[in-house]
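Here are my notes for you to read with the structure open beside them. Take the points one at a time and find each residue as you go.

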Amino acid sequence: MFIKPFKVKSNILVTGSERKRLKQRAQSQFAASETSPMAELFGNKCKVCVVKIVTYGECQVTVYTSDKRPVFFELDGKLIPTVYTLWAAPDMVPEFTTHPAVLPKLANGADLMIPGVVGRGTSMKSWGNYRKDDIVAVNLTSNRAAVGVGLLAHSSDDLYMCGGRGIAVRMMHVFGDKLWGMEPSVCQQVPLMGAIQAVPKLEDDFPPLGAPEPVVDKKKPMVNEVTEKLAEVDVNGDEVEEDDQDEESEEEAQPDPDKLIRSAFLNAIKLQGKKIPLPILTSTFYPQYVQPELPEGIEMKRSSYKKVGTFLKEMAKDGVIQIKEEKKGIEKIVSINLEHPDVVSFYPYKMKKPDDAEVSSADQSASTPLLLTKMVEMYAVNEVTEKLFGSLGVAVGKALDETQVRNYVKDYVGRNKLIDVQSKMVTPDETLRQICGGTETTLYSVPEVIDHVLRNMTSTFEMRSQKGPVTKGGKRAIIHLTTATRSGNKKVTLISNLEDYGVNVAEFAKAVKLGAAASTSMAEVPGTKGEQLLVQGNHIKFVYDLLTGTYQIPKACITGLEFAKEQKKKKKK
């Protein structure tokens, strides 16, 4: 419903009495108490507004916002919560679960079909006791947090009688749509609320022939197994031993700074040893070549070396480098032994660290309003992969994209020297065997290890801003600025290919309209798929400055500055 942009007709701040009536209406519809999380959305300190919008399909909808964040929208006299409200109050409405691969389809405007619903049994009771057009939330098997909300297309009985075909939920609102991004400054990514465990089938549920076996959570044994294990436990001895084992495992999970610094040193020599200009000052070599290879949080003062000079002298004793003291306190590295056994046997890795701009954009919960956004599949560190990523300084719950996971796994394999130089196969250690399975003699290729790690991580999604130009046929896209003459000898400015740079055309048109005090409109270009932004008057210079300044688009990617209106020279007084 909100996949495409909508028009805002009005945005009015409600009074105290209207806020109270809205709060009572929501509490009565969803049977919420005064102490429920939903009641906090209408607190006295919150700014509640009523926003009247018209959707792309010419449907008039009323949206209620709390501190600029949409919390409810009204449709046919019924209040429907947004994903923000469902994240604050997860038990507000019934939940239907689907697979993570279905979310991109829902984000493109599809409804949730019956085959996409993860069933909790095969009997009629497994569909609950709901009526048609009841409000339900949609979440994923990997995360209990809601990613959408909709209305039931059929009652529970009809859903059971449909034979596994047809629409289950008519989606009204999905994570990542225009309602979610209504106010970019307060946008929020999907929180991690834990994976949904498979529900045991009822006694009268008989699986159909050929159906897969139900998934059983091995981490949570059944009650009978727990009772048998408790009967065998020696209270005075076993529990203490388990505590000791937990303490030992925690100590093992802590990364060793000495090993990490030495690995970073060998990695720098392995990758850039031939490019390092010799002789080079030790005070220049370490921060320029070794420090960028270290993971975050690892410092020399936390190691046993304490100082950079002590560490480099230790490497010189091992014969990896040769240090010469020219003056008192001034030391230089004069040679590097690239044939040293430690260097030859070391498997290099590429440590990719994000730029400051990328870090700041990743830390922000909202996407940049100036740029279009896209849905990216992410993988969160969970209990299964905690030990692997904990040794690399990544905490539990941290969401990584596929490229980051791949780099971290290669980093771990390289640091621990788990790959054979000749066969290029990985011999997993205890940490990787817990993830990949197999025995001590089982060998894996690096892509296989990465695939096992990805499958054991928690799948989630994020909305990210599209940055960088789209290349067409190997060539970088160009933004064209031109002028034309319309009826009445009126000049207009035409702007093409903004979408190729991920520019949100609606926000860009608004900025031009306010900055240049000129009306804007979109016009289709014959023979092309995209549209042109038309601005009344010659505003080439203003648009050029806006693109290069605010949007940081390279000047070489913009043409048409020669059509700018010549500025009149000011007369000297």
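1. A quick definition before we start: a residue is called buried under 20% relative accessible area, exposed over 50%, and partly exposed in between. Keep in mind, too, that this is a predicted model. Now try it on Y160: its relative accessibility is 33%, so Y160 counts as partly exposed.

2. Where does Y160 sit? You'll find Y160 in helix 5, which covers residues 156-161. Together with M124 and M161, Y160 makes a nonpolar patch on the surface, of about 310 Å².

3. That patch is worth setting beside a general habit: in soluble globular proteins, nonpolar side chains tend to be buried together. For the buried side of the story, look at the largest nonpolar core, which has 61 residues. Which of its members touch the most others? They are F72, W87, F96 and V169. As for secondary structure, strand 9 (residues 143-152) gives the most to this core, with six residues. Apart from this core lies another one, of 27 residues, and L260, A264, Y289 and Y305 are among them.

4. Let's zoom in on W87. Leaving out residues up to four places away in sequence, W87 touches A145, A146, F175, W180, Q188, Q189, V190, P191 and M193. Pick out a few of these in the viewer, including A145 and W180, and see how they sit around the ring.

5. Next stop, D67, in the loop between strand 3 (60-66) and strand 4 (69-75). Buried or partly exposed? With a relative accessibility of 39%, D67 counts as partly exposed. If you again skip residues up to four places away in sequence, D67 touches K45, C46, K47 and V186. You can also check a distance here: D67 and F42 are 25 residues apart along the chain, and their C-alpha atoms are separated by 9.6 Å.

6. Last, some strand pairing. Strand 19 (residues 479-486) is joined to strand 20 (residues 490-496) by seven bridges, and the two run antiparallel. One partnership to look for is T485 with K491 in strand 20. The hairpin these two strands form has three residues between the strands, and G488 takes a positive phi near 80° there.

7. Strand 19 has another partner as well: two bridges join it to strand 23 (residues 558-559), and this pair runs parallel. Which residue of strand 23 is the bridge partner of I479? Look for I558.

Conventions
Residues are numbered from 1 along each chain as its sequence is written. This is a predicted model: local features need pLDDT of at least 70, side-chain atom pairs count only at pLDDT 80 or more; totals for chains, interfaces and linings use all residues. Side-chain values use heavy atoms; hydrogens and water are left out. A nonpolar core is a set of buried Ala, Val, Leu, Ile, Met, Phe, Trp, Tyr and Cys residues joined through side-chain atoms within 4.5 Å. Buried means under 20% relative accessible area, exposed over 50%, partly exposed in between (1.4 Å probe, protein chains only). Helices (H or I, at least four residues) and strands (E, at least two) are DSSP runs, numbered from the N terminus. Contact means heavy atoms within 4.5 Å. Patches are made of residues with over 30% relative accessible area and no salt bridge: like charges are joined within 9 Å, nonpolar side chains (Val, Leu, Ile, Met, Phe, Trp, Tyr) within 5 Å. Accessible areas come from the Shrake-Rupley method with a 1.4 Å probe; for residues, only the protein chains shown count as cover. A salt bridge is a side-chain nitrogen of Lys or Arg within 4 Å of a carboxyl oxygen of Asp or Glu. Two strands pair if DSSP finds at least two bridges between them.
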